[in-house]
Amino acid sequence: MKHFNLIGVLALLLLPAEGMAQFAWYAADGKAQVETGLGDDTHTQGLWWVGTDNADGGKSKVVWDVPPGEDGSLDNLVKKRGGISGTAVLDKANLDYAPMVNIGFYIVGDGEDGKGLKGDASAWNGIAISYECDTSASIELGFGQEYDRDECNYDNPYANLPKSPDGNFVRRAWTDFRQGGWGQRMQETVAEATTHLVAVKFKIQGQSGSYHFKIKSIGSYDMLENPPLAGDVNSDGSIDVADIATVINVMAGSAPEHKARADVNGDGSIDVADIATIINKMAANAR
């Protein structure tokens, strides 16, 4: 068995961690809320919501595979179905555009007025997502009601996601996001606009009909495709001292985007016992 020198481990903790995903949410972790790392003290970041075309005369809706809890939580849905999953029922009704639904979340959280707060997501470099969908979809970026209305006339930047009933994993860099061209052109690049990003949305729009979907993971461009092993807290593909550093940072409140994976031993708390578990895993891997 290889022995680990505590002084050496502590020294390594001072080194910058390479390959750490900016943020990564996996349904396999069993929690619906997305920890973006940009959340505020309201703790409302990453709570999934649905946007529809109803205000413009449409009758589109989302029917969840498992009903939300009494508090609106989708945790039970994620645990039972392995993702944010349901059926998008598109109904044009009196719309003058194709019916649509958005399944999205605020990256920082809700403001006092119920509107999403702005955060700097430029370091994400884009979005990675694992999903299933019976029709083509897109990732759309939201910058808040005033900006969306006044700066682009709701012609928000989006990146296409191909139809994939059996599942797909794609990465979309900020340079892959484009406006549709029917609204007002933004006066800044998408990468510049993500310094004041409000929301990320999984959008389904098209002909009236019912389309099943499932969002299995979503994160920054550098997110790993598959859920990391227990102990790989920073989701970089290995279990090492960088994960110990990440647990320490989570305990200190400086790495909330990795909180979902920091309870390595699964006892419901994040503490030195999780660090000990990581060290044991490192020792086992070194044998």
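Helix α5 covers residues 241–252 in this predicted model. The helix has 12 residues, and the distance from its first C-alpha to its last is 17 Å, close to the 16 Å expected at 1.5 Å a residue.

Both ends of this helix have a feature to look at. At the N-terminal end, aspartate 240 acts as a cap, with a side-chain oxygen 3.1 Å from the backbone nitrogen of alanine 242. Just after α5 comes glycine 253, which takes a positive phi of about 85°.

Which residues of α5 are buried? They are Val241, Ala242, Asp243, Ile244, Ala245, Thr246, Val247 and Val250.

Valine 241 also gives a link to another part of the chain. Its C-alpha atom is separated by 8.6 Å from that of methionine 282, although the two residues are 41 residues apart along the chain. Methionine 282 has its place in helix α7, which spans residues 272–286. Why does methionine 282 count as buried? Its relative accessibility is 9%, and a residue is called buried because its value is under 20%.

The nonpolar cores come next. In soluble globular proteins, nonpolar side chains tend to be buried together. The largest nonpolar core here has 48 residues, and those with the most contacts inside it are Trp48, Ile84, Ile103 and Phe202. Apart from this core lies another, of 12 residues, which includes Ile244, Ala255, Ala262 and Met282. Ile244 is thus named twice: among the buried residues of α5 and in the core of 12 residues.

What does isoleucine 103 touch, leaving aside its neighbours within four places in sequence? Its contacts are Trp48, Trp49, Val62, Trp64, Ile84, Val200, Lys201, Phe202, Phe213 and Ile215. Trp48, Ile84 and Phe202 are on this list, and they are also named for their contacts inside the largest core.

The chain as a whole has 7 helices and 11 strands. Some overall values follow.

| Property of the chain | Value |
|---|---|
| Residues that count as buried, of 287 residues | 46% |
| Box filled by the C-alpha atoms, along the principal axes | roughly 70 × 40 × 35 Å |
| Exposed area | about 14000 Å² |
| Part of the exposed area supplied by carbon and sulfur atoms | 48% |

The radius of gyration is 20 Å, which agrees with a compact globule, because a globule of 287 residues would have a value near 19 Å. Contacts across the sequence can be described too: among those between residues at least 6 apart in sequence, 72% join residues at least 24 apart.

Note on methods
Residues numbered from 1 in each chain as written. Predicted model: local features only at pLDDT ≥ 70, side-chain atom pairs only at ≥ 80, totals over all residues. Heavy atoms only, no water. Core = buried A, V, L, I, M, F, W, Y, C linked by side-chain atoms within 4.5 Å. Buried < 20%, exposed > 50% of the residue type's maximum accessible area, 1.4 Å probe, protein only. Contact = heavy atoms within 4.5 Å. Helix = DSSP H or I, 4+ residues; strand = E, 2+ residues; numbered from the N terminus. Expected span 1.5 Å × (residues − 1). Polar contact = N/O pair within 3.5 Å; in protein donor to acceptor, adjacent residues only side chain to side chain. Rg over C-alpha atoms; globule rule 2.2 N^0.38 Å. Areas by Shrake-Rupley, 256 points an atom, 1.4 Å probe, with all protein chains shown as cover.
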